[in-house]
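Open the model in your viewer and keep the selection panel at hand. The stops below follow one after another.

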Amino acid sequence: MSLKGYILRRTIYIVPIMLAITLMNFTLINVSPGDPVLVRLGLIKCETPECYNAAYNKEAIEMGLLDNNLYTVPWFERYIDFVNDLLHFDLGKSWSYTQAGEGIPISKIIGDHAVYTVVLNLLSFVLSLLLSTAIGVVSATRQNSFWDRTLTVAMLLGYSMPLFWLAKLLMLVSYYLFNFTGVANKSAFNKPLILNPMFYKFLILPTLSLTLGGLVFMARLIRSQLLEILRQDYITTAKSKGLDRRAVIYKHAFRNGLLPIVTIIGNSLPGLLSGSVMVESVFGWPGLGTIFLEAAFMRDYPMMMATNTIFPFLFLIARLLTDITYVFIDPRIKY
Amino acid sequence: MATVDKDKKAVEEEGPILDETTLKEIESMKGAGQWSIVWRRLKKDTMGMVGLYIVTFLILMAIVSWFLLMYDKWLFNNVALTRDPDNPYSLANLYVDFWLPGMKQSIILFQHPEWQFADQVKLPPSLQHPFGTDKNGRDMFSRVFFGATISMALGFIGQMTTVIIGTILGSLSGYYGGLFDDLLQRIVELLYSMPGFILLVFVIVLFENTNIPGGRYAVVVIFFSLISWGGTALIVRSNFFSLKQQDFVEAEKALGAADMRIIFRHILPNSLAPLIIIITLGIAGTIFTFAALAFYGFGDPNVVSWGDDLNRWQNDLMTYPWMPMFPALMIFFTVLGFNLLGDALRDALDPRLKD
């Protein structure tokens with residue numbers, strides 16, 4: 001099969017998975033205890049039960065739980081409605097993010113904040129990939145040397161450090177050294193972002209934490225992968241041919257070790273997204289992660305539903321891209 | 001003849017193929033069981049032994065603190081009236097102190113984790129309070145000591161439930177295959193395309209008001225194990241695929257053994273090694289996940305645990321660094337210990353994986 005056909009097939013395959021995920025989230029919200037209308041109503045002040053009932057019914061109709069004749073809408077109809085809205089990029093209105101008494105449309109909120117998550121994640125992903133490659137190569141080629149031992153112990157310590165605490169410690173260190181905690185404030189997000197120096201200043205610490213978090217995971221992997229390959233016969237052959245050390249490592253060893261590394265990196269992407277939720281929240285970085293955690297605190301169901309649709313979607317896209325990179329890395333793979 | 005001479009010469013010059021220490025090792029392992037070999041390999045691994053010491057110390061600490069607190073409740077219920085209001089240390093309340101002849105005041109080692117002294121708030125670490133006191137006047141050393149019970153127990157219980165669910169589903173799907181296997185694969189794929197932490201937060205927020213005994217942490221443990229059994233199931237399944245082709249399973253089948261007997265008495269004990277590795281490394285991950293949940297406010301603030309203390313004082317890191325620092329350090333050491341032990345066990349159980 002051609003590459004185009006493969007990509008098309010994989011892209012179509014995302015659709016049933018996304019349907020299953022939204023169905024799962026939807027069912028979970030439905031079977032959870034508690035009345036969402038009561039959550040939504042909050043601290044409404046009403047003197048008479050009639051007033052309260054009217055407010056309750058109005059809210060329930062607005063949320064789509066009751067139809068206009070006050071009959072309960074069955075859950076599958078609501079699910080079909082939800083999917084229909086989703087296909088039109090309409091994710092409903094937020095309960096907790098309001099403007100002039102009206103909920104802000106969620107697609108607008110997500111559109112405004114997704115860029116911060118994407119910038120942070122892409123930057124730290126690329127950085128940690130580059131750094132962990134360097135560390136892995138240094139460790140594997142000089143096995144049991146001073147540098148290898150130091151780096152291995154450092155990686156192990158970093159691996160055992162909870163990511164949120166690493167972020168907090170970085171904050172503490174930066175506070176003592178530069179009197180700068182890195183907690184984002186409004187001046188960092190003045191548009192246009194590209195020309196805003198404050199944006200880059202406040203980007204440093206979150207990126208550093210997330211990079212370190214991914215780095216410790218990937219460097220261990222690249223080291224053990226390279227060590228295994230450096231023991232193979234064709235490496236000995238390449239060395240005995242008199243090839244340059246650099247050529248042996250990067251042309252022969254590294255390219256063959258790349259495939260399993262790409263697989264595991266692809267599988268670790270949800271970890272990266274979870275990590276970005278943690279780091280964003282510590283530094284007050286207004287990405288999707290902070291939005292999600294705040295929505296979870298406020299029990300903002302539509303917002304949680306939306307973020308729980310967006311995160312798996314981002315992950316599935318990323319995994320599709322990793323699968324496509326296989327073809328370029330390994331010429332033996334043909335579709 | 002000439003070639004033989006040459007070979008002999010080579011052997012004399014270079015020595016035998018295996019050096020003496022390796023030969024001795026092979027000699028000493030003759031007749032030893034699998035587990036004693038694993039133990040011998042583990043003992044040689046310095047980092048692994050450090051991990052084992054850390055883990056043993058923490059488990060002992062968790063058990064001792066649990067017993068002390070049980071004993072305290074019994075004491076408190078019976079002798080609640082013997083309080084001397086002028087002397088805060090005479091309260092009928094748990095404390096373990098240390099006193100030598102000639103010392104004016106005994107050093108309080110542990111006091112009740114919930115006990116608050118209004119005159120001892122925000123004290124930095126000192127001899128009387130090795131880890132300082134928090135904003136409510138509680139001794140951080142005692143909080144950290146008694147927090148070990150819940151933190152460790154949650155890690156163990158969460159990971160064991162996960163592994164049990166994963167093992168049962170994985171072994172059934174690996175042994176029978178077919179439709180059940182396909183279905184399981186799809187479910188695992190579905191669970192794995194959600195970032196785990198996000199899904200966990202989502203579910204816990206929805207279900208945190210469920211009325212079940214054990215409070216919020218019971219909800220956390222239940223949903224954690226319902227969400228994260230996928231990895232174990234996949235590993236057990238692939239193990240079963242290779243083991244069910246082996247001769248001993250054929251022999252068992254020919255003898256007329258029931259499927260359940262083959263699965264649980266014959267194949268499962270043979271795939272114990274990966275399970276032990278999953279449990280050890282998984283406990284580290286589970287403790288980390290629960291600490292993270294507590295850190296972001298999805299724990300139970302009424303419980304004495306490291307994660308909840310960390311959550312409570314996380315914003316005081318700049319002003320009173322000792323308050324969040326010590327619970328965080330304990331989480332770090334626990335995760336480190338289990339990671340070291342797990343890595344060493346993996347090398348000892350399956351030396352082919354070693355670097």
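Select chain A of this predicted model. Of its 335 residues, 46% count as buried. Colour chain A by secondary structure: 13 helices and two strands appear. Orient the view along the principal axes, and the C-alpha atoms of chain A fill a box of roughly 90 × 60 × 40 Å. Now turn on contacts within chain A. Among those with a separation of 6 or more, 67% join residues 24 or more positions apart.

**The second largest pocket**

Stay with chain A and select A:E62, A:M63, A:G64, A:W95 and A:P302. Of the 37 residues that line the second largest pocket, these five lie nearest its centre. The volume of this pocket is about 1100 Å³. Next, highlight the elements around the pocket. From chain A, helices α1 (3-31), α2 (36-41), α3 (49-63), α4 (75-87) and α13 (301-329) each supply at least two lining residues. Strands β1 (93-99) and β2 (102-105) of chain A do so as well.

**The largest nonpolar core**

Show both chains. Which residues touch the most other members of the largest nonpolar core? Select A:F164, A:W285, B:V201, B:F202, B:L293, B:Y296 and B:F298. The core holds 165 residues. Add helix α14 (residues 322-349) of chain B, which gives the most to this core, with 13 residues. Then colour chain A by domain. Why does the core lie between domain 1 (34-90) and domain 2 (109-329) of chain A? Both domains give residues to it, so the core lies between them.

Zoom in on B:F202. Beyond its neighbours within four places in sequence, B:F202 is in contact with residues of chain A. Pick out A:N25, A:L28 and A:I29, then A:F292, A:M304, A:M305 and A:N308.

**The cavities**

Switch to a view of internal space. Rolling a probe the size of a water molecule over the atoms shows where empty space is left. How many cavities of 30 Å³ or more does a search of the whole structure find? The search finds two. Go to the largest cavity, which has about 90 Å³ of space. Its lining comprises B:S151, B:L154, B:Y217, B:I287, B:F290, B:A291, B:A294, B:S305, B:W306, B:G307 and B:I331. Helices α5, α12 (272-295) and α13 (306-313) of chain B are the elements that give two or more residues to this lining. The largest share, four residues, comes from α12(B).

**Along helix α5 of chain B**

Select helix α5 (residues 140-176) of chain B and find B:T167 in it. Is B:T167 buried or exposed? With a relative accessible area of 8%, B:T167 falls under the 20% cut-off, so it counts as buried. Show its partners too. Leaving aside neighbours within four places in sequence, B:T167 is in contact with B:T232, B:V236, B:L268 and B:L275.

**Confidence**

Finish by colouring chain B by pLDDT. The mean for chain B is 81, and 86% of its residues reach 70 or more. Among the elements of chain B, α5(B) has the highest mean pLDDT, 91. Helix α1 (residues 2-14) of chain B has the lowest, 55. Now select residues 77-83 of chain B, where pLDDT stays under 50. The model has nine contacts beyond four places in sequence for this stretch. Move on to residues 87-92 of chain B, where pLDDT is also below 50. Here the model has 15 contacts beyond near neighbours in sequence. For the model, ipTM is 0.84 and pTM is 0.84.

Note on methods. Residues are numbered from 1 along each chain as its sequence is written. Chains are lettered from A and ligands numbered from 1 in the order in which they are written. This is a predicted model: local features need pLDDT of at least 70, side-chain atom pairs count only at pLDDT 80 or more; totals for chains, interfaces and linings use all residues. Side-chain values use heavy atoms; hydrogens and water are left out. Buried means under 20% relative accessible area, exposed over 50%, partly exposed in between (1.4 Å probe, protein chains only). Contact means heavy atoms within 4.5 Å. pLDDT is the predictor's confidence in each residue, from 0 to 100. A nonpolar core is a set of buried Ala, Val, Leu, Ile, Met, Phe, Trp, Tyr and Cys residues joined through side-chain atoms within 4.5 Å. Domain bounds come from an automatic or database domain assignment. On a 1 Å grid over the protein atoms alone, a cavity is a set of points where a 1.4 Å probe fits but cannot get out, and a pocket is an open set with protein on both sides within 12 Å along at least five of seven lines; lining residues have an atom within 4 Å of a point. Grid points are joined across faces, edges and corners, and a volume is the space filled by probe spheres set on the points.
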